[in-house]
2 protein chains.
Amino acid sequence: MLRFLKPYPNSRPAYTLIQNHLVDCRQISNQTLNEPAQPCVKTSIPGPKTLELLKELNSLQQAGSVQLFADYDKSFGNYFVDADGNEFLDAFTQISSVPVGYNHPHLLKAFEDDHNLKALINRPALGVFPSMDWPEKLKAVLLSVAPKGLSCVSTMMCGSCSNENAYKAAFMRYRTKERGGKLDFTLAEMNSCMLNMPPGAPKMSIMSFEGSFHGRTFGALSTTRSKPIHKLDCPAFDWPVAPFPRYKYPLSEHERENHLEDKRCIEQVEDLIEKQKKAGNPVAGIIVEPIQSEGGDHEASPEFFQKLQNICKAKGVALIIDEVQTGGGPTGKMWCHEHFNLPSPPEIVTFSKKMLTGGFYCNADFKAPHPYRIFNTWMGDPGKLILLERVLEVVKQENLLSLVCATGKVLKEGLHTLEKEFPNIINSVRGRGTFLAFNANSSQIRDKINNNLKSNGVLGGACGETAIRLRPALIFAPKHAEIYLTALRKTLKQL
Amino acid sequence: MLRFLKPYPNSRPAYTLIQNHLVDCRQISNQTLNEPAQPCVKTSIPGPKTLELLKELNSLQQAGSVQLFADYDKSFGNYFVDADGNEFLDAFTQISSVPVGYNHPHLLKAFEDDHNLKALINRPALGVFPSMDWPEKLKAVLLSVAPKGLSCVSTMMCGSCSNENAYKAAFMRYRTKERGGKLDFTLAEMNSCMLNMPPGAPKMSIMSFEGSFHGRTFGALSTTRSKPIHKLDCPAFDWPVAPFPRYKYPLSEHERENHLEDKRCIEQVEDLIEKQKKAGNPVAGIIVEPIQSEGGDHEASPEFFQKLQNICKAKGVALIIDEVQTGGGPTGKMWCHEHFNLPSPPEIVTFSKKMLTGGFYCNADFKAPHPYRIFNTWMGDPGKLILLERVLEVVKQENLLSLVCATGKVLKEGLHTLEKEFPNIINSVRGRGTFLAFNANSSQIRDKINNNLKSNGVLGGACGETAIRLRPALIFAPKHAEIYLTALRKTLKQL
């Protein structure tokens, strides 16, 4: 029982009218009761203190990506307070990585427990000396929300190293199969790998999709295909890239074209797998986001993913689903790929961000065949699992996946109304749950909207060339959706 | 002022005899006063509970590298307590990542401060919305111990991603120089990088040394050259590897041969840089550990490093010093490369482990020329900086670098005595501070020593083919050295 929770009105569904929407009372996060009533912007954005701090930080590192400096003592729930005292409704939440808002009391209390505090302070090398409750903790926390059919999990530090290690697992599995399941290596393999040469360091590849983002370390970066600025000047592996569907909106009016688009992309995936094999650079795994995020919030249909899985199964290629941004609830399900009704579980699912710890789930075939192959000094951080445990308790207790669906409905309907009201400025509203996006008619207008939204009290995120993405916390309620939509309407009118 | 500290006897040097060694009283860490008097092993190792837990963990992930399960509630100072209640003197400290021992009171109190707690709970995207005290924090903590001459710092998550980002910084700097300092890109570069092809994703390399270890993500792994098991089945970049000195011991008896060994290695470095350039795969950076650790604790002389730096300067290659394992004090200086009297600062120094946060220092030339190029969602973790701040306070207050030197002296002398006493079993005692190692006469004997040490109450680490490495915390005192040496003598006698 979470002590900070006020008792729910009663045990049966009770509905109330919030901002003109009928909402199940049980779906209001208690956390939001102590928030500001609305955003409050007092200075120009960025404000004078922020500009000073930016100068200071820029002397120590490249700080050109910094938007605002935060006052995390005062930020609360869905509200982000900056160094100049401005209060923003946060619909971006640290690039989608704050699951239950700022300063959630249940999280603030996590380390009052002496055992938890010691788990935080005494960070072990988890692959060598884990704590005696670590296996139980993995089960109680990470496996309690594991994607169906995946019984193994490895913790990591961030999204990039989760993907990198997933690739390693895919390569090892592919080579082990090629060896007929044998677990020993030849002398030639052992010697050549030390020189970065085949057969020990084989020519093999991970396929990814145009517009995808999978991280910035060299393996992950070789699969990232969203924007040149991430990749320029970095050597990359000779790995293949396939097209990802680019749909026309609204979906209901373009079923036939979008279906053909699926077909075009799937055919190229199949072709590329064959070509790579012939070229002696076979595809061991395909990594795909359920919704391409950094690259522009591009969706693909459940049918696309089902067909993709069929091809992977037929060709012996591992399907790696990158749920770093989509995982943890924002689409209304714990894992976005649950929306796809896949015939069988994917081989690997990677996570980070809202899960607070990086890592990947896999089936037992993809467990590393030897020790020290999926390994590093820390292999995650028990302190993050303690916080995640509390996040999941809040999600369950407050029925937040249901709140995401309710809020998402309000948001999406509101965005559809706005795209009809401002057809020359925005279009292509899309997404699942509160994981939503729309396009502006140009990059320039998109940037203007995103900047002006700040002056109107809302933090949003840009992605791709022309998209604005919504990435609120799971406690974002219909009342916040209304504030967001009001600020967006004001912003669009001001253009 | 650290409140938990008992007052030092007086402000002038005061010496006392501990285990037959004259020690400056100010050099005894107060933290060790509440430790067990000595190790206590009650069960066979691994004990019955550990074996049960191992089975459980193995069902969830490859757990073959796990040695013991820990009771972190009971572990204290230099003593590690396992699931079976055995108390070990820890001379390995989580692969060298616990700077001031288990459950240090000053660290346990870090999050009693409400501001610190909120910094821990509200983990930001540091590249976009850092807290308003972040620039000050970077200065007060990380830059307060920066290697001389390096004024910039970027925080990261772990050693691997610190090195990966250092490589990116080196590549960017190399290409920017090639562009004559111009900061814009050609259309060909922007288009080709999206296909992982030159010129945008150029053929360029990072040189590393035989026996080196720099991490396990794909870029880092392409520079790791310690053992096949880390590299097998993973595609790798076509990057060059140079020999690293392999000295004969004792050093004082082999000056001429070791000097020639330096020369041999340096000449090959120079040759390889030229060959790579001619082959169209130029070396943008050389990464080197001040003491090769995972690969077998191989040292090189200050003269080797001075010459290496000269070559790098002459050829326009960035010198990246990987202080992930050596940094933070264990060699008796904050950074091991301070022992080398380099003519000028290295371009980049990477860190992790005892620094609790990953990251790298660099000079202003290596600051990324554009935003979003050295970037990821979290870019470090403020909670780790809060702990590091306290670690550095303890190091200063308790004069721990001086303790490391005093303890290292006792340890090294004791190891020299033992290599004379057991010349057919161990040899080649080496290292700086408490960052010490010795070789066994075979891998088999090495493994036996390391295992039997556990039964005799001491946790040690293996590295390379035949080496045993000592990686105690900075609070390891002469009295612990004596316990270690006694256990080692007992172990060697038992063989």
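Two strands count as paired here if DSSP finds at least two bridges between them. With that in hand, here are some close-ups of this predicted model.

**View 1. A three-stranded sheet in chain A, with a helix across it.** The pairing of β3(A) with strand β4 (residues 87–90) of chain A is antiparallel and takes in three bridges. Look for A:Val81, which sits opposite A:Glu87 in β4(A). Step back a little and you get an open sheet of three strands, in the order β3-β4-β16 (chain A), with mixed pairing. The edges are taken by β3 (79–81) and β16 (458–459) of chain A, each with a single partner strand, so one side of each has no neighbour in the sheet. Lying across β3, β4 and β16 of chain A is helix α15 (residues 478–494), which runs at about 110° to β4(A).

**View 2. A four-stranded sheet in chain B.** This open sheet goes β14-β15-β18-β17 (chain B), and its pairing is antiparallel. At the edges stand β14 (426–432) and β17 (461–463) of chain B; each has a single partner strand, so one side of each is left without a neighbour in the sheet. On average, neighbouring strands of this sheet are turned by 25° against each other, direction ignored. Five bridges join β14(B) to strand β15 (residues 435–440) of chain B, in the antiparallel sense. For a landmark, find B:Gly431, whose bridge partner in β15(B) is B:Leu436. Helix α13 (residues 400–421) of chain B packs on the sheet and touches β14, β15 and β18 (467–470) of chain B, its direction making about 165° with that of β14(B).

**View 3. Two helices packing in chain A.** Here helix α5 (residues 134–142) of chain A meets helix α12 (residues 382–397) of chain A at an angle of about 35°, and their axes are 10 Å apart. The crossing of α5(A) past α12(A) is left-handed. On the α5(A) side, the residues in contact are A:Trp134, A:Lys137, A:Leu138, A:Val141 and A:Leu142. Their counterparts in α12(A) are A:Pro382, A:Leu385, A:Ile386, A:Leu388, A:Glu389 and A:Leu392. Sorted by class, this contact of α5(A) with α12(A) has nine nonpolar residues, two charged ones and no polar ones.

**View 4. Where the two chains come together.** A turn of 180° and a shift of 0.0 Å along the axis lay chain B on chain A with an RMSD of 0.0 Å. The two copies are thus related as by a two-fold rotation axis. Which residue of chain B comes closest to the rotation axis? That would be B:Phe218, with its C-alpha at 2.9 Å. Of the interface residues of chain B, 100% are also interface residues in chain A, so the copies meet through the same surface.

**View 5. A salt bridge between the chains, with an unusual phi next door in the sequence.** A:Arg373 pairs with B:Asp233 in a salt bridge, the closest N and O atoms being 2.9 Å apart. The pair runs from the loop between β13 (358–362) and α12 of chain A, home of A:Arg373, to the loop between α9 (228–231) and β7 (241–242) of chain B, where B:Asp233 is found. A:Tyr372 also lies in the loop between β13 and α12 of chain A. Phi of A:Tyr372 is near 70°, a positive value in a residue other than glycine.

**View 6. Two cis peptide bonds in chain B.** The bond from B:Pro198 to B:Pro199 is cis, with omega near 5°. B:Pro199 belongs to the loop between α7 (187–193) and β6 (205–209) of chain B. The bond from B:Tyr249 to B:Pro250 is cis too, with omega near -5°. Look for B:Pro250 in the loop between β7 and α10 (255–278) of chain B.

Technical notes: Residues are numbered from 1 along each chain as its sequence is written. Chains are lettered from A and ligands numbered from 1 in the order in which they are written. This is a predicted model: local features need pLDDT of at least 70, side-chain atom pairs count only at pLDDT 80 or more; totals for chains, interfaces and linings use all residues. Side-chain values use heavy atoms; hydrogens and water are left out. Contact means heavy atoms within 4.5 Å. Axes are lines fitted to C-alpha atoms, for helices over the stretch in contact, and angles run from 0 to 180 degrees between N-to-C directions. Copies are superposed by least squares on the C-alpha atoms of residues with pLDDT of at least 70 in both. A crossing is left-handed if the near helix is turned anticlockwise from the far one by less than a right angle, and right-handed if clockwise. Ala, Val, Leu, Ile, Met, Phe, Trp, Tyr, Cys and Pro count as nonpolar, Asp, Glu, Lys and Arg as charged, and the others, Gly among them, as polar. A salt bridge is a side-chain nitrogen of Lys or Arg within 4 Å of a carboxyl oxygen of Asp or Glu.
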